[in-house]
Amino acid sequence: MSNGADASICLSFNSEKQLDILLAALKPEAEGPPTQRSTVNLKKEDTCLTLVISAEDTVALRATLNAYLHWIQSSLSVIDIVKKF
């Protein structure tokens, strides 16, 4: 993407295993985005997940960021529920 909007966000997690689970859940979304208006690159560094988002405009950037943050929060909630069993 060029002349658009970009963001790089680093999120720290409790464990590498938790991060691996999140990466596995998010990978299909990053590899086949539902829109051509943005792309996402996921990077793992120790227990940090870095989202690098490139979008055509700020509207697409915001939508993509919100979607990923929602998916991450939902995945963490599921992980917490599963750990209780």
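**View 1. S8 and its partner across the sheet.** In this predicted model, S8 is bridged to V52, a residue of strand β3. That bridge belongs to a longer partnership: β1 and β3 (residues 48-55) run antiparallel and are joined by eight bridges. Strands of a sheet pair through backbone hydrogen bonds, either parallel or antiparallel.

**View 2. The sheet as a whole.** Here we meet an open sheet of three strands, ordered β1-β3-β2 and paired in antiparallel fashion. Its edges are β1 (5-12) and β2 (38-45), each of which pairs on one side only. On average, neighbouring strands of this sheet are turned by 15° against each other, direction ignored.

**View 3. Two helices lying across the strands.** Helix α1 covers residues 16-31 and lies across β2 and β3, at about 160° to β2. Helix α2, residues 58-83, lies across β1, β2 and β3, and runs at about 155° to β3.

**View 4. Q18, a residue of helix α1.** Is Q18, which lies in helix α1, buried or exposed? Q18 counts as buried, because its relative accessibility is 10% and the cut-off for buried is under 20%. Leaving aside residues up to four places away in sequence, Q18 touches F13, L76 and I79.

**View 5. Two cysteines without a disulfide.** How many disulfides does the structure hold? The number is zero. C10 is in no disulfide, and the nearest cysteine sulfur, that of C48, is 3.8 Å away. Likewise, C48 is in no disulfide, its nearest cysteine sulfur being that of C10 at 3.8 Å. For a disulfide, the two sulfur atoms would have to lie within 2.5 Å. C10 is also partly exposed, with a relative accessible area of 48%.

**View 6. An aromatic pair in helix α2.** Searching the whole structure turns up one aromatic pair. The ring centres of Y68 and W71 are 5.0 Å apart and the ring planes meet at 70°, so this pair is edge-to-face. Why are Y68 and W71 separated by about one helical turn? They are three residues apart in helix α2, which accounts for that spacing. Their surroundings are worth a look too: Y68 is buried, with a relative accessible area of 4%, whereas W71 is partly exposed at 28%.

**View 7. The largest nonpolar core.** This core has 20 residues, and the members that touch the most others are F13, L42, L49, L51, Y68 and I72. Which elements give two or more residues to this core? They are α1, β2, β3 and α2. The largest share comes from α2, with seven residues. In soluble globular proteins, nonpolar side chains tend to be buried together.

**View 8. L42 and its neighbours.** L42 is one of the core residues with the most contacts to other members. Not counting residues up to four places away in sequence, L42 touches L23, L26, K27, A30, L49, T50, L51 and Y68. Y68, also seen in the aromatic pair, is thus a familiar face among these contacts.

**View 9. D46 in a loop.** Our last stop is the loop between β2 and β3, where D46 has its place. D46 has a phi near 55°, a positive value in a residue other than glycine. Most residues other than glycine have a negative phi. D46 is exposed, with a relative accessible area of 65%.

How values were computed. Residues numbered from 1 in each chain as written. Predicted model: local features only at pLDDT ≥ 70, side-chain atom pairs only at ≥ 80, totals over all residues. Heavy atoms only, no water. Pairing = 2+ DSSP bridges. Helix = DSSP H or I, 4+ residues; strand = E, 2+ residues; numbered from the N terminus. Axes fitted to C-alpha atoms, helices over the stretch in contact; angles between N-to-C directions. Contact = heavy atoms within 4.5 Å. Buried < 20%, exposed > 50% of the residue type's maximum accessible area, 1.4 Å probe, protein only. Phe/Tyr/Trp six-rings, centres within 6.5 Å; stacked < 30°, edge-to-face > 60°. Core = buried A, V, L, I, M, F, W, Y, C linked by side-chain atoms within 4.5 Å.
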